[in-house]
Amino acid sequence: MATERTFAIIKPDAVKRGLTGEILSRIHKAGFSIIAIKSKWMSIGEAQGFYAVHKARPFFGELTQFMSSGKSVVMVLESENAIGKWRDTMGATDPAKAAPGTIRRDLGTSIQNNCTHGSDAPETAAFEIAYFFSGHELV
Ligand code: CMP
């Protein structure tokens, strides 16, 4: 399987609860290389642009308020099968439905406050990485 990059967020709920170190530790233990990382307080407009694919969903307003409510940690992760592997490490979107041992099951508190985000496909990863990182940050 080829080396791949994915985009990841430690969301404001997890940052506020002091879970950044725990989540970074899980990322290292899962075997990812962190290619780029920064702390980012999204504006409401940046959150709306990032989640534009969900614009028609009933939770869009709450989601974008939540994502602009404090600092996130945004990252580019690399490994073999990084997109699928990061989604497996996070677990299902709803923490109540996520498998034991996953980040969302162990640390998430609701379908919205689910601690982390990950790209769902190569095209999404390309869009999401470029949304927060410039080429010179990705060498
Ligand atoms: P994420 O993987 O970042 O993708 C979209 C986000 O919307 C999701 O995680 C949740 O934080 C949030 N969300 C809130 N309500 C729902 C819902 N009913 N279904 C899916 N995602 C939801």
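This briefing walks through the ligand site and the pocket that holds the ligand. The model is predicted, so please read every distance, area and volume below as a value computed from that model. The ligand takes up the space of the largest pocket, and the protein buries 81% of the 450 Å² that the ligand exposes when taken alone.

**Around the ligand**

- The shell around the ligand is made up of Lys-11, Tyr-51, His-54, Phe-59, Leu-63, Thr-93, Arg-104, Ile-111, Gln-112, Asn-114 and His-117.
- By class, this shell holds four nonpolar, five polar and two charged residues.

**Polar contacts to ligand oxygen**

- Lys-11 places a polar side-chain atom 2.8 Å from an oxygen atom of the ligand.
- His-117 has a side-chain N or O atom 2.8 Å from an oxygen atom of the ligand.
- For Arg-104, the distance between a side-chain N or O atom and an oxygen atom of the ligand is 3.1 Å.

**The largest pocket**

- The largest pocket encloses about 590 Å³ of space.
- Its lining counts 23 residues, and Tyr-51, His-54, Phe-59, Thr-93 and His-117 are the ones nearest the pocket centre.
- Helix H3 (44-50), strand S4 (116-118) and helix H7 (122-132) are the elements that each give two or more residues to this lining.
- Sorted by class, the lining of the largest pocket comprises eight nonpolar, nine polar and six charged residues.

**Where the two views meet**

- His-117 appears in the ligand shell, makes a 2.8 Å approach to a ligand oxygen through its side chain, and is among the lining residues nearest the centre of the largest pocket.

Notes:
Residues are numbered from 1 along each chain as its sequence is written. This is a predicted model: local features need pLDDT of at least 70, side-chain atom pairs count only at pLDDT 80 or more; totals for chains, interfaces and linings use all residues. Side-chain values use heavy atoms; hydrogens and water are left out. A residue is near a molecule or strand if one of its heavy atoms lies within 4 Å of it. A polar contact is a pair of N or O atoms within 3.5 Å; within protein, one must be able to donate a hydrogen and the other to accept it, and residues adjacent in sequence count only if both atoms are side-chain atoms. Accessible areas come from the Shrake-Rupley method with a 1.4 Å probe; for residues, only the protein chains shown count as cover. On a 1 Å grid over the protein atoms alone, a cavity is a set of points where a 1.4 Å probe fits but cannot get out, and a pocket is an open set with protein on both sides within 12 Å along at least five of seven lines; lining residues have an atom within 4 Å of a point. A molecule sits in a cavity or pocket if more than half of its atoms lie within 2 Å of its grid points. Ala, Val, Leu, Ile, Met, Phe, Trp, Tyr, Cys and Pro count as nonpolar, Asp, Glu, Lys and Arg as charged, and the others, Gly among them, as polar. Grid points are joined across faces, edges and corners, and a volume is the space filled by probe spheres set on the points. Helices (H or I, at least four residues) and strands (E, at least two) are DSSP runs, numbered from the N terminus.
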